Amino acid sequence: MIYFKNVSKIYPPDIVAVKDVHLQIEPGEFVSIVGQSGTGKTTLIKMMIAEERPTNGEIQINGLDVAGMHPKNVPILRRQLGVIFQDFKLLEKKTVFENVAFALQVCGVSSGQINKIVPQVLEIVGLDKKRNRYPDQLSGGEQQRVVIARSLVHAPKIIVADEPTGNLDTLNTNEVIEILKRINDLGVTVVLVTHNREIVNMLRRRVITIDSGMIVNDQAKGKYIL
Amino acid sequence: MWVFIFRVIKLAWQNFYRNIGLSLITILVLVTTLISFDVILIVRGVMSSAISLVENRIDVSIIFKTNAPEEKIRDINDTLKNNPAVASLRYKDRNQVLEEFKKIHSEDTGIISALSELSANPLGAVLVVRAKNTKDYEEILKSIEIPEYNAIIEQKTFDDHGPVIQKINLITQKTQQIGLILSLVLTIVAFLIIFNVIRLSIIMHGEEIEIMKLVGASNWFVRMPFLIEVIFLAVLSWIFNLGILYGAIYLADPYLVKFFEGSGFTLQGYLNDNFLLFMGGELLGLIILNLLSTSLAMRKYLKA
């Protein structure tokens, strides 16, 4: 479960990115967080993965106190999440296989297990035949599928996707959303940050709308209303 | 634990060869820095050998009067023998001195015929003193500076050699001082160069480190491959440096052997004798410096 209680984030000197956000996401939900650029969506995600700390408030993810978390415990939190970034954030000097395997290596999974799990996940995202390629030898859509494979491989309970389709064409966008839906069908909580109206309207799942750092709308089967 | 160790070594090796351009540039800079150190070590070695070669050729002769009694000369000999600053003593009686004199001047008929006209040997016995250190000659000669001995001593050649010995002492002192200052300056420059090369290399990996952290890697999991990689770099640079150094010595030694004729000094021998201190010190220093630079440069990226 993801729980935000009265969370605010103020950057010095007095730039309010997120203001008094109260939010609860239950296990297995598919939630879209929408809003225009600069409204605080990414800051919200950064606080979820402890890349940023809130100025005020309480954040809990799967029972872990993220707001007051000691830096040395941050990797424990991140290993419970799968994170998909708009700019992919792939390791350029590692192959597709190694990029995906890295998420398991940091968890201390044995090489035998890695060699068994990674090919299965690459098959799910349709990249099993390109396992030895480097990121710069893949298209944008393929790179994003590697990121999805990496975020999935350690079987997280929550997947956080920050504008995962921002750099993709329509065909690849639809493919990525289909994969996220399938992941959600397996019981994984998906938090999707986007400003793509078509995706949100097509999904017909919970939509949280953010404006000027505040939640202005939260609908169970919502639409993109901005 | 073993999985962790094996994994970080593998990641370090991958970092090394997949960034081969960056690795080679780093090695080039490290080798250049090590070569500058080698030059200082060699110059110091050659200088100190040259100085000791000259020092070994210096001695002081105490020339006795022709009527000096043997037992008094023996007294002086014993006094000097007990002096810890004396390295060796060689006594030449009057006949030996005369023979040597004749030998030296064998082609000077004037001197030889003048000698043969004399009824007695005009030369006194000689005691040749060699000190362990050129600075000690003055002190050694002062130890026999008593009226009883002065009465039988005709001359001490220190008066002729004194300025030369003082000059050598001065050169030795200056050489050591310059060597020390140069070593210190070079150490500081080397530290700055190595620190910045490693820092640049880490900055180029900055994004990669941030991604690793975002995926859930602990600080040690991120840090260890980089630390192991810089140990690889240090060891490889050291090996390259060793190859270049011994190659240069192979070429230079024949000329130095001629210069130091008779002294037995060779650069290879000098380096082999001090291998653990010089080369071991270089390797250890380089590894420590690399590890320190990497740890400092990575701190910024490892803050959660």
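Is the crossing of α3(A) and α1(B) left-handed or right-handed? It's left-handed. Keep in mind that everything below comes from a predicted model.

## Helix α3(A) against chain B

Let's start with that pair. The axes of α3(A) and helix α1 of chain B, which covers residues 2-18, come within 13 Å and cross at roughly 150°. Angles over 145 degrees count as roughly antiparallel, so α3(A) is roughly antiparallel to α1(B).

Who touches whom? On the α3(A) side, the contact is made by A:E98, A:F102 and A:Q105, and on the α1(B) side by B:R7, B:L11, B:Q14 and B:R18. Sorted by class, the residues of this contact come out as two nonpolar, two polar and three charged.

Two of those residues also pair up through charge: A:E98 forms a salt bridge with B:R18, and their closest N and O atoms are 2.4 Å apart. Between chain A and chain B, the count is one salt bridge.

## The whole A–B interface

Zooming out, 26 residues of chain A are in contact with 16 residues of chain B. Together the two chains bury about 2,000 Å² between them, with 60% of it on carbon and sulfur atoms.

Which three residues supply more of the area that chain A buries against chain B than any other three? They are A:R78, A:K93 and A:F102, which supply 29% of that area. A:F102 should look familiar, being one of the α3(A) residues that make the contact with α1(B).

## Helix α3(A) inside its own chain

Helix α3 of chain A (residues 96-105) also packs against a helix of chain A, namely α5 (residues 140-152). Here the axes come within 7 Å and cross at roughly 30°. Angles under 35 degrees count as roughly parallel, so α3(A) runs roughly parallel to α5(A). The crossing of this pair is right-handed.

From α3(A), the residues taking part are A:V96, A:N99, A:V100 and A:A103, and they meet A:V146, A:A149 and A:R150 in α5(A). By class that gives five nonpolar, one polar and one charged residues. For the contact of α3(A) with α1(B), remember, the split was two nonpolar, two polar and three charged.

## Salt bridges across the structure

How many salt bridges does the structure hold over all chains? There are 13. One of them joins A:R145 to A:E175, with the closest N and O atoms 3.5 Å apart. This pair links distant parts of the chain: A:R145 sits in helix α5 of chain A and A:E175 in helix α6 (residues 170-185) of chain A, 30 residues apart.

## Backbone spots to look at

A few loops in chain A are worth a click. The peptide bond from A:P12 to A:P13 is cis, with omega near 0°. You'll find A:P13 in the loop between β1 (2-11) and β2 (15-25) of chain A.

Then there's positive phi outside glycine. A:K89 has phi near 55°, a positive value in a residue other than glycine, and lies in the loop between β6 (81-85) and α3 of chain A. Further along, A:R204 has a positive phi of about 55° although it isn't a glycine. The place to look for A:R204 is the loop between α7 (197-203) and β9 (206-211) of chain A.

How values were computed:
Residues are numbered from 1 along each chain as its sequence is written. Chains are lettered from A and ligands numbered from 1 in the order in which they are written. This is a predicted model: local features need pLDDT of at least 70, side-chain atom pairs count only at pLDDT 80 or more; totals for chains, interfaces and linings use all residues. Side-chain values use heavy atoms; hydrogens and water are left out. Axes are lines fitted to C-alpha atoms, for helices over the stretch in contact, and angles run from 0 to 180 degrees between N-to-C directions. Helices (H or I, at least four residues) and strands (E, at least two) are DSSP runs, numbered from the N terminus. Angles under 35 degrees count as roughly parallel, over 145 as roughly antiparallel, 65 to 115 as roughly perpendicular and the rest as oblique. A crossing is left-handed if the near helix is turned anticlockwise from the far one by less than a right angle, and right-handed if clockwise. Contact means heavy atoms within 4.5 Å. Ala, Val, Leu, Ile, Met, Phe, Trp, Tyr, Cys and Pro count as nonpolar, Asp, Glu, Lys and Arg as charged, and the others, Gly among them, as polar. Buried area is the accessible area (1.4 Å probe) that two parts lose on being put together, summed over both. A salt bridge is a side-chain nitrogen of Lys or Arg within 4 Å of a carboxyl oxygen of Asp or Glu.
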